[in-house]
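These are my notebook entries on a structure that I had not examined before. I set down what I looked up, topic by topic.

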Amino acid sequence: MKVPELQRLSEHLDRVVFAQEPAKTGLVLAILAREHAYLEGPPGSGKSALARAAADAVGARSAELAFHRDASAAELLGELHLRRELRGSRERIAIERALGASAEAELLLLDDLSRAPGEALGLLLRALAERRLGPHALPLETAIATAGAPDLESYADPLEPGALDRFAIQVRMHGLLAARSFSTARAFLDRELAARATPAFDRATRHALQRRAAQLPFEPAARAALLRAVERLTRAAGAEPALFSDRSFARAAPAVLRAHALWRGGDRVQPEDVRALRYMLARRLPEELEGEVGALLEQAIREPAGTESSAPGARPAAAADRSGGAPAPGDGPRHTLPVESLEARQLSLAAVAPVASARGDEGAEVESLLRALAGRLERGAVRRGEDAAGAPRSFRRMRRLEEMLDADPVDAALFSEGRLPSGARVYRRERRNAGGALAVLRDVSASMEGRLASSAGQVVAGLVRVAARRRMRLGYVEFNHEAERFAADGAFFHRRYRRALALARRSRAEGRTNYEAPLRAALGELRGCAGRERHVVLLSDGMPILGDPNVRNERALAQRLGVKVHTVFLGLGECPKVLDEISRETGGLRFEARHAPGGRVTLRERGERR
């Protein structure tokens, strides 16, 4: 049975925002656990209204920071002032920040956080994590940030997962119509407008509830269920960025589970409270797994203590349809073969000795591949383009009257007086648009030996040299039954061409073939990679015999992300049908490698399979 105060809080939020139950519950858990919350969704879905309603309902001193393209740290957190101090016979100039209303807030609303410029965002995130602003301790209990979906161009660049880790609660909201919840939308239209509600409780009651939640004991079975749940979620995510940092797992997750136990009226944390993890996963879990979260958590809750959730490297049962086995001969049933790992191991390029130069003529003839791409592999050099959400770089003439707000002040005054008929100058705003990125996936299974290994090395070398000429960002993965991705200073995409060329010269052939691991590793990196032109080149000599040989989920993910997967068949026999399907479904190209006289490898397009 719910605590009466929390029941009143729930009713208060219901009167203000219709539906959106996950977001409401997430905010309640954030307030009880004294953690920060992040709400993501399209405009008009109720993010800001819900945050303001929560602040009103719990009797907290609140402040709101609205971010925009020109917001500065001084505007958001207070102006910096110079102060003269006398130290004996000497004078000292000190810098101090004049704190604004946000420094006194117990609940802080950060509206449109994704629009925050880097200067303000870094300082703000640090203040949220430390709950301090310089020497001043902040009374802040909970910050509620709102942001648009990452694919909305009206918003600025998507926030990085590392920046969002400060927000323990992360909920993705959906508009009723966009989610095709027409019956709920009809009920929303039919209901009467609610009058302004009184707060559900006061400051003293809120603090009492927070202390009560923090003191709830944690049953050993609940800890075991929490570990199983995180393990299952991590395996389901595959090569996506880490689900939980040490901060979110060791500190925030137990606090959220305690808050959930109090929310449902319990006197201790039990395994069923692991369901609260669903309110922490909006940007910690790939969006395509959102529908599987409930099943994964239920399995972790119901699994008897002391049993292994799965064999090492195996995938959770809820995602069993995401893996497959190699097809048995003929039309017989499929048999699942063990997959050693779907998560790519990361190796450092620092341990690879670079070659003398990344330019030259060594390597396969890959120009036909690049010509066929028809310029879609853009230069990796970052270029600026005009963007209303960008930073001011120069001036141009006003095109529309509403641009007066962005006009040069003198020109605006002259134009308003009718003395500048040609129109005022306004800022020409530009934003850097990242160019193309290319991920090269090289098969190094046991069948790739001898001449095939040499052919693969020549193709990779040719791609690296072309990337060096065009200054493209390059990523490199070697795979057999597992995948190894090579990173430079932690970054998968880089311009360390000479080290990548040294990898192309290596000859390695061992293990069995699995397409899932390398594709998932590359798509996981490209998911957070800016730019419209994102490409994967997959080099292999045959059919995968581990995992899902048709890589159904990876093909679907590539289509959702708009990533083109180009395949290069290096074998001597017939090209596996799956390579054609991968390229066809993702808008990629199909090539095969052939040896020219003198041992040089050339690429040519594969014909359409009849």
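Before the entry on a pocket, I note the term: a pocket is an open set of grid points with protein on both sides within 12 Å along at least five of seven lines. The volume I quote is the space filled by probe spheres set on the points. I also record that this is a predicted model.

Entry: the second largest pocket. I looked up its volume, which is about 380 Å³. I found 20 residues in the lining, and the closest to the centre of the pocket are P22, V171, R172, R278 and E290. I then asked which elements give two or more residues to this lining. They are α2 (21–33), β9 (169–172) and α11 (293–302). Sorting the lining by class, I obtained eleven nonpolar, four polar and five charged residues.

Entry: the protein overall. I recorded 18 helices and 19 strands. The protein has 610 residues, of which 52% count as buried. I also looked at contacts between residues at least 6 apart in sequence, and 78% of these join residues at least 24 apart.

Entry: helices α1 and α3. I looked up how α1 (residues 4–16) packs with α3 (residues 47–57), and found an angle of about 145° with the axes 10 Å apart. The crossing of α1 past α3 is right-handed. From α1, the contact is made by L9, H12, L13 and V16, and from α3 by A49, L50, A53, A54 and A57. By class, I noted eight nonpolar residues, one polar and no charged in this contact.

Entry: S10. I stayed with helix α1, where S10 lies. Is S10 buried or exposed? Its relative accessibility is 15%, and buried means under 20%, so S10 counts as buried. Leaving aside neighbours within four places in sequence, I found S10 in contact with K2 and W263.

Entry: T513. I located T513 in the loop between α15 (497–504) and α16 (516–527). T513 has a relative accessible area of 6% and is therefore buried. I next asked which residues T513 is in contact with, leaving aside its neighbours within four places in sequence. They are D443, S445, F479, N480, M543, P544, I545 and L546. Finally, I looked up the separation of T513 and S540: they are 27 residues apart in sequence, and 8.9 Å apart in space from C-alpha to C-alpha.

Terms used. Residues are numbered from 1 along each chain as its sequence is written. This is a predicted model: local features need pLDDT of at least 70, side-chain atom pairs count only at pLDDT 80 or more; totals for chains, interfaces and linings use all residues. Side-chain values use heavy atoms; hydrogens and water are left out. Axes are lines fitted to C-alpha atoms, for helices over the stretch in contact, and angles run from 0 to 180 degrees between N-to-C directions. Helices (H or I, at least four residues) and strands (E, at least two) are DSSP runs, numbered from the N terminus. A crossing is left-handed if the near helix is turned anticlockwise from the far one by less than a right angle, and right-handed if clockwise. Contact means heavy atoms within 4.5 Å. Ala, Val, Leu, Ile, Met, Phe, Trp, Tyr, Cys and Pro count as nonpolar, Asp, Glu, Lys and Arg as charged, and the others, Gly among them, as polar. On a 1 Å grid over the protein atoms alone, a cavity is a set of points where a 1.4 Å probe fits but cannot get out, and a pocket is an open set with protein on both sides within 12 Å along at least five of seven lines; lining residues have an atom within 4 Å of a point. Buried means under 20% relative accessible area, exposed over 50%, partly exposed in between (1.4 Å probe, protein chains only).
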